[in-house]
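Subject: Structure for you to look at

Hi,

Here is the structure I promised to pass on. Please open it and keep it in view while you read my notes below.

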Amino acid sequence: MDKEAILKKFKPTLDNILYILHDLQDENPQHYLSKDDIKVCADYLNIPYSYTHSVASFYTMFSMKPRGRNIIRLCDSPPCHLMGSKSLLDYLQRTLKVTTGETTKDGIFTLELTSCLGACGVAPAMMVNNEMFGNLTPEKVDTILDKRRKEL
Ligand code: FES
């Protein structure tokens, strides 16, 4: 969907700013808000670029720098910790050769930590883009990563 089509989904009112920024980020293959994305949103809402930029940079759900095609969000809250998320984090970091917040050299994955994903019943859990995975083991993680690599 191009940017114009995204904008058309929403009335040009300030209360839609987060929805618009969210959709613009989702549509960006590098999962971030570019300067052009911010400008497009600001122009559409008829508000200053600086205001739009400050809103976007306030929320952790928005990234202002390019990320991988797949955003891995590993849950870092206590129930997942108890079920082994720390060793999964070590495993992901070793396997992907990145630390938290970094993107793999091939641009396929960005590794992030998040608080509770609401999937404590299947801890440890993580999301990859909009898909949830639970009861994770290193073997399951390998399968998920392989599948995502093949989807390119
Ligand atoms: S604590 Fe990890 S999903 Fe809730």
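Start at Asp 37. Leaving aside residues up to four places away in sequence, Asp 37 touches Lys 3, Leu 24, Asn 28 and Tyr 32. Asp 37 sits in helix α3. Is Asp 37 buried or exposed? Asp 37 has a relative accessible area of 2%. The cut-off for buried is under 20%, so Asp 37 counts as buried. One caution before you go on: this is a predicted model.

Next, look at helix α2. This helix covers residues 17-27. Which of its residues are buried? They are Ile 17, Ile 20, Leu 21, Asp 23, Leu 24 and Gln 25. You have met Leu 24 already, as one of the residues that Asp 37 touches. The buried residues of α2 pack against three helices: α1 (3-8), α3 (35-45) and α4 (49-58).

Now for a helix pair. Two packed helices are described by the angle between their axes and by the distance between those axes. Take α6, residues 85-96, and α7, residues 138-150. Their axes come within 11 Å. They cross at roughly 40 degrees. Angles under 35 degrees would count as roughly parallel, and 65 to 115 as roughly perpendicular. The crossing of α6 and α7 is therefore oblique. It is also right-handed.

Which residues make this contact? From α6 come Leu 88, Tyr 91, Leu 92, Thr 95 and Leu 96. From α7 come Pro 138, Val 141, Asp 142, Leu 145 and Arg 149. By type, the contact residues are 7 nonpolar, 1 polar and 2 charged. The spacing along each helix is worth a look. An α-helix has 3.6 residues a turn, so residues three or four places apart point the same way.

Finally, step back to the whole chain. It has 152 residues, and 43% of them count as buried. The secondary structure comes to 7 helices and 4 strands. From the N terminus, the order is α-α-α-α-β-α-α-β-β-β-α. The chain is divided into domain 1 (3-58) and domain 2 (70-150). The centres of the two domains are 28 Å apart, taken over C-alpha atoms. The C-alpha trace spans about 50 × 30 × 25 Å along its principal axes. Among contacts in the chain with a separation of 6 or more, 60% join residues 24 or more positions apart.

Best wishes

How values were computed
Residues are numbered from 1 along each chain as its sequence is written. This is a predicted model: local features need pLDDT of at least 70, side-chain atom pairs count only at pLDDT 80 or more; totals for chains, interfaces and linings use all residues. Side-chain values use heavy atoms; hydrogens and water are left out. Domain bounds come from an automatic or database domain assignment. Axes are lines fitted to C-alpha atoms, for helices over the stretch in contact, and angles run from 0 to 180 degrees between N-to-C directions. Helices (H or I, at least four residues) and strands (E, at least two) are DSSP runs, numbered from the N terminus. Angles under 35 degrees count as roughly parallel, over 145 as roughly antiparallel, 65 to 115 as roughly perpendicular and the rest as oblique. A crossing is left-handed if the near helix is turned anticlockwise from the far one by less than a right angle, and right-handed if clockwise. Contact means heavy atoms within 4.5 Å. Ala, Val, Leu, Ile, Met, Phe, Trp, Tyr, Cys and Pro count as nonpolar, Asp, Glu, Lys and Arg as charged, and the others, Gly among them, as polar. Buried means under 20% relative accessible area, exposed over 50%, partly exposed in between (1.4 Å probe, protein chains only).
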